[in-house]
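Welcome! Take a moment to look over the sequence and the 3D view, and then try each exercise before you read its solution.

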Amino acid sequence: METMGRYTLPVLALVVLAFVPMVVEASFTRHLFIIAFIYAIIASNWNLSLGHCGIFNFGHLTFFGVGSYTAAIAAKTYGVDPWVAILLGGPAAAVAAFLMAAPVARLKGIYVVLVTFAFGQLAMQLVLSQSDITGGAQGMVRIPYLRLGEYSFLKDYKLGYYYVALGLLVVSTIFIKLVIDSPFGKSLKAVRDSEEYAAARGVSVSRQRVMVLVLSAIFTGVAGGFYSIYLRVASPEVFGFGTLSLALSMVLIGGAGTIYGPIAAAIALTFATEALAGVRGLEEARFIVIAVAMILVLRLAPGGLLRLFEPLVPKALRQR
Amino acid sequence: MTEPVLHTRSVSKSFGGLQAVKDVSFEVREGEIFGIAGPNGSGKSTLFNIMTGIPFGVTSGEVHFDGQRVDRWAPHRIAQAGLCRTFQKDAEYPDLDANETLLVSATYNGGLRGAEATRRANAVLDQVEFDRSRRCVLSRELSVYEKKQLMIASAMVSQPKVLMLDEPASGLTKPEIARLDALLVDLNRAGLTILLIEHVLSLLLSVSQRLMVLNYGEILAQGDPTAVVKEPAVIEAYLGGRRK
């Protein structure tokens, strides 16, 4: 009964989101939802390493970028089916995460930030310099789109892409939930809160860090792959600071260490930034507004906005 | 004579010019409670740290445990081998409850999975008499005594060969110390070897079969507890006499 109660709110949210396209027919609004779902996958997986394991990983968008370019190159250059190309983003990002994790596993604090950020810049430079393969600063365009038999995803006002993105978000969230609820997930919190205590109880701190970075990269990479196939573009902008700071604000505003906080924040902030873009004078300054919101949340509600609403939710329905 | 399950050979630890532990050699026999006493700053906790590699290892010397030299091992590997410690300060996972805390130890230190890990965790929580109604409360909300119980239980769940306790009685009331005394005696009777650092001398003398006193990182005396505490050098160290 309690288990049923705990899943009530997420399932309700899913049912609502599943019915959105029935009500919302505007292609652009559906597009915003799709982008929100992609950001939700990025933020909630980032939260695995940042919120649950306490790794100041500033290279998370690199996994997204690697997934994005893997799918683009696979689908366009090598003619791989776009469905498969999307999935290839996962293992490619996991390999990138492993390469980044190796030097990070034994570092602490600011050094983790520096190395992971540098890794992202390195990946971007690699993309820019290998223009024969990646298109360089121009990126890659006209990437093959999704088809399902005779059904083309280009002519349905984004209905198909909406459900694929939502499906990816659901699978990614179930994956995160399984990880968090497992003994491995508990050990991540142990490592985050007391490395020495965890090591004294047989937990290899560096191994858990490597593993969580690799796990957090899988669905981020798949989301990157989907992003390229959906937009039919792969651009070095995905490695940029703007994308990084927006995704980070989703993790922090939603609540690092929660499961659904970053997802809710991703949906809210995607629509908020879009709404702000329509306000005269705020077109370019909207990210400053989001940054100020992030600072305010960190100062006033360090646990994230979701935790502020927790007392309003009956205990049986709560998720930690 | 029983074989030592744990012994050190001339272990030392330096921090720059400061030598926190100097040339300490001692052995712990299987099945005993071995007490370690000494004034603040005498190197007791540092000795625990370098023996377990948490957070640092020896500068020189050797640590042997269960027939193997372990001073170059990774800390988690030493714990998995059965040398488990607690900490002087409250160590806890604030966002995990007692069941989850023990699940981590049972999985990673005890090699247990699923129902077996849960069963073992419950048995150990019962053994340390951890209140059943408090097992789903987050660690951050537990009392000092409950946190101590949990720290000991999280070590016990992997059935260690040697349990190293660093001032378990600090911050406890007299009745709680009495409960702790009884618990340590029970654990020892069940066959557990215990290495105990303690400032509460009544507890230390009550449970220890042998005692070592450290001062300025060196061994001042070791042997029978009642004889050791009567040695003039030990009395001088505890009463703050001038060091010769």
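Below are some short exercises, each with a worked solution.

This is a predicted model, in which local features need pLDDT of at least 70, side-chain atom pairs count only at pLDDT 80 or more, and totals for chains, interfaces and linings use all residues. Residues are numbered from 1 along each chain as its sequence is written, chains are lettered from A and ligands numbered from 1 in the order in which they are written, and side-chain values use heavy atoms, with hydrogens and water left out.

**Exercise 1. Describe the overall build of chain A.**

Step 1: Start with the secondary structure. Chain A has 14 helices and 4 strands; helices (H or I, at least four residues) and strands (E, at least two) are DSSP runs, numbered from the N terminus.

Step 2: Look at the extent. The C-alpha atoms of chain A fill a box of roughly 55 × 45 × 45 Å along the principal axes.

Step 3: Compare with a compact globule. For 320 residues the expected radius of gyration is near 20 Å, and chain A agrees with its 19 Å. The radius is taken over C-alpha atoms, and the globule rule is 2.2 Å times the number of residues to the power 0.38.

Step 4: Turn to burial. Of the 320 residues in chain A, 52% are buried, where buried means under 20% relative accessible area, exposed over 50%, and partly exposed in between (1.4 Å probe, protein chains only).

Step 5: Check the contacts (heavy atoms within 4.5 Å). Among those in chain A with a separation of 6 or more, 77% join residues 24 or more positions apart.

**Exercise 2. Do the same for chain B, and add its surface and charges.**

Step 1: Chain B has 9 helices and 10 strands.

Step 2: Its C-alpha atoms fill a box of roughly 55 × 40 × 40 Å along the principal axes. With 244 residues, a compact globule would have a radius of gyration near 18 Å, and chain B agrees at 18 Å.

Step 3: In chain B, 54% of the 244 residues count as buried. Of the contacts between residues at least 6 apart in sequence, 67% join residues at least 24 apart.

Step 4: The accessible surface of chain B is about 10500 Å², with 50% belonging to carbon and sulfur atoms. Such areas come from the Shrake-Rupley method with a 1.4 Å probe; for residues, only the protein chains shown count as cover.

Step 5: The mean positions of the 28 positive and 29 negative charges of chain B are 3 Å apart. Lys and Arg count as positive and Asp and Glu as negative, while His and the chain ends are not counted; each charge is placed at NZ of Lys, CZ of Arg, CG of Asp or CD of Glu.

**Exercise 3. Find how the two chains meet.**

Step 1: The contact takes 20 residues from chain A and 31 residues from chain B.

Step 2: About 2100 Å² is buried between chain A and chain B, and carbon and sulfur atoms give 61% of this. Buried area is the accessible area (1.4 Å probe) that two parts lose on being put together, summed over both.

Step 3: On the chain A side, A:E196, A:Y197 and A:R201 lose the most area to chain B, together 35% of what that side buries.

Step 4: Now zoom in on A:V203, in the loop between helix 9 (195–199) and helix 10 (205–231) of chain A. A:V203 is buried, with a relative accessible area of 0%. Beyond its neighbours within four places in sequence, its contacts include A:S187 and, from chain B, B:H76, B:V104 and B:Y108. A:S187 is 16 residues from A:V203 in sequence, with 7.2 Å between their C-alpha atoms.

**Exercise 4. Look for unusual backbone geometry.**

Step 1: Recall the background. Most residues other than glycine have a negative phi, and most peptide bonds are trans.

Step 2: A:R142 has a positive phi near 50°. A:R142 lies in the loop between strand 1 (140–141) and strand 2 (147–148) of chain A and is exposed, with a relative accessible area of 64%.

Step 3: B:Q159, not a glycine either, has a positive phi of about 50°. B:Q159 sits in the loop between helix 5 (144–156) and strand 7 (162–166) of chain B, and is exposed at 57% relative accessible area.

Step 4: Follow helix 1 (residues 44–52) of chain B, where 9 of 9 residues are buried. Just after this helix, B:G53 takes a positive phi of about 75°.

Step 5: The peptide bond from B:I54 to B:P55 is cis, with omega near -5°. B:P55 belongs to the loop between helix 1 and strand 4 (60–65) of chain B.
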